[in-house]
Amino acid sequence: MAESFVFHAAGQILGKLTTLAFREIGLIWGVKKDFKRLQLTVSAIKAVLLDAAEQKKKNRQVEDWLEKLQDVFYDVGDLLDDIVTEDLRRKVVIKGSKRKAVKNFFSSSNSVALRITMSRKLKNIRSRLEDIDADRKKFELVERAPDSLVAYPLREQTHSFIRASDWMAHGFIQSSNGSWQLEDIGNQYFHELLSRSFFQYESISFDSTLITVKMHDLVHDLALSVAGKDVSRVNYDTRNIFEGTRHLLFSAVRSERKEFPNFLLKLNKVRSFYFEFEVGPISKTFVDTLIKTFSCLRILDLIGSMFEELPDFVGSLKHLKYLDLESNRNIKALPNTICNLVNLQTLYLNDCVMLQDLPRDFGNLPSLRTLCLTSKMTCFPKKEHADGLKSLRYLSIESCDHLESLLGGMKNFTALRYLNIYKCPNLTSLPAESIKYLTSLEILSICQCKKLDLLAEEDTMMELPRGLYSLELEDIPKLKELPRGFENAATTIKYITIRDCPSFEILPEWLQNCASLTKLQLVNCVLLKSVPLGMHQLTAIRELHIQNCSKNLIEKCKWETGKYWPCISQTPENYLRGLKSKNYH
């Protein structure tokens, strides 16, 4: 259904051309008039697309016109992305973080040559589009206003920030005025699809931030039908495939000792590549050929595949926004050329247990918003990386057995919204002086950190940033109480979970000041014997879970007869020992 794509693509193109970034590029490169003419042509075409969708049912020529328009719109998108990429590279160079050899590439002569090349490409693409616009006039199509949002299906994802990553990599998400975060827009789209039963809930976390969903087979098949020839599912036995395929799902179960299929070599327009299953070991030549062949990739999802190295020329994937190497347990290093991927927004390195370190120039990734990391590093982030990762929104540090400390450079992560520290058994402390500077932080989760001491002398004044709304502390044996600096988030915190902390013995009195607290979960804290007497002031609380804490506390929280019952009786749902207590309020 080409009309679905071209309508959305037209919106994407117009959205880009009207941004401040493109207005600046137009002035710097001297192509302001070309951008304007392109904008007028695309606007005129977009206005008649809904009528074209109706007319194609009875006019084969209109259907052909839509297919040609789809190809041109793809090429327009590629060119605009090229322009943005070169502008990003220019900004990285100006920042002074590249080496001399790269700076030479942006010398005066090269800069002029680049502008001439881009100007020529822009004029060519505009000429093709104007020819198509001329054909439009032959069909006497009328302008029609859209009456609904065009929605696109997603892969299964888990966390709200992660769900948005696929959307963003395809360019489906754009913020028209910059006031909305792209992740929030993607989340809104996802919940719209969820409300319309495109997805079904499988599980939801205590603070509602972690959602696992599934897509019904019928909806999945419908999505593939709507996508048409753009999406192809292939395996080693596939023989026929549309050469204009843009999205490729490789469904072979095992790929060890098998080479890259020859029939895929003709597909030079592929934008996304996924393995449908965890394929295990794949050959170096398979990976090398894949990257050389699919030079237009936006998404490269190699989850569950195992190979020892990425080729240096991975840095040539200038459009790449999403790279997933999760569960590659063979890879030991990433080439420094990966740092040339100035458009890279999402990088999954979780469960890469053999990864020794991050590349030297890892701080030269200005677009990176999501990073999931498993490595043998003893500290993170390195000083030379911290300043260049200011775009990070989502950071998950997982199963880093050798990690001993998080460094003060984290204070540069002022855009960070989600911080997850999971299963780092040798981590001893957090950078107390830096956490408070994470002014955008909304979710903090620390789990299975056996040596972490939040009350170590240097950490006693660790402050949580104002704005945090979810705090999860799990399996931290040294945790006895919450640092008093956590009170800084008292006015915004909505969810608190303290689980499997055998030394935890007291809740702070300031807890009664958490006016927004909605859910409090206390599980397997065997030394916890009391709750603040002022908890009755928590008028927003809806759920209280107390399970496997001291018997004394459970007895004192009993319905009507317990000492603490007057403190918690306003809570609609009280769960003691995992059972919901009677409460008629």
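**Exercise 1. In which strand is Thr346 found?**

Before we start, a word on the model: it is predicted, local features need pLDDT of at least 70, side-chain atom pairs count only at pLDDT 80 or more, and totals for chains, interfaces and linings use all residues. Residues are numbered from 1 along each chain as its sequence is written, and side-chain values use heavy atoms, with hydrogens and water left out.

*Solution.*
- Step 1: Thr346 is found in strand S10. Helices (H or I, at least four residues) and strands (E, at least two) are DSSP runs, numbered from the N terminus.
- Step 2: With a relative accessible area of 1%, Thr346 is buried. Buried means under 20% relative accessible area, exposed over 50%, and partly exposed in between (1.4 Å probe, protein chains only).
- Step 3: Leaving aside neighbours within four places in sequence, the contacts of Thr346 include Tyr322 and Leu368. Contact means heavy atoms within 4.5 Å.

**Exercise 2. Describe the surroundings of Ser272.**

*Solution.*
- Step 1: Find Ser272 in strand S5, residues 272-275.
- Step 2: Its relative accessibility is 1%, so Ser272 counts as buried.
- Step 3: The side chains of Ser272 and His247 are joined by a polar contact of 2.7 Å. A polar contact is a pair of N or O atoms within 3.5 Å; within protein, one must be able to donate a hydrogen and the other to accept it, and residues adjacent in sequence count only if both atoms are side-chain atoms.
- Step 4: Beyond its neighbours within four places in sequence, Ser272 also touches other residues, among them His170, Leu297 and Ile299.

**Exercise 3. Work through the aromatic pair of Phe260 and Phe286.**

*Solution.*
- Step 1: Rings of Phe, Tyr and Trp (its six-membered ring) pair if their centres lie within 6.5 Å; planes under 30 degrees apart count as stacked, over 60 as edge-to-face and the rest as tilted. By this rule there are 15 aromatic pairs.
- Step 2: Phe260 and Phe286 make an edge-to-face pair, 5.4 Å centre to centre with 75° between the planes.
- Step 3: Phe260 lies in the loop between strand S4 (247-250) and S5, while Phe286 is in helix H11 (residues 284-293), so the pair ties together parts that are 26 residues apart in sequence.
- Step 4: Phe260 is buried at 6% relative accessible area, and Phe286 counts as buried at 0%.
- Step 5: Now widen the view: ring pairs link Phe260 and Phe286 into a cluster with Tyr236, Phe250, Phe273, Phe275 and Phe294.

**Exercise 4. Where do Arg298 and Asp81 lie?**

*Solution.*
- Step 1: The side chains of Arg298 and Asp81 meet in a salt bridge, at 2.6 Å from N to O. A salt bridge is a side-chain nitrogen of Lys or Arg within 4 Å of a carboxyl oxygen of Asp or Glu.
- Step 2: Arg298 lies in the loop between H11 and strand S7 (299-301) and Asp81 in helix H5, so the salt bridge ties together parts that are 217 residues apart in sequence.
- Step 3: Arg298 counts as buried at 3% relative accessibility, and Asp81 is buried with a relative accessible area of 11%.
- Step 4: Arg298 and Asp81 belong to a network of salt bridges that also links Lys16, Asp78 and Arg271. A search of the whole structure finds 30 salt bridges.
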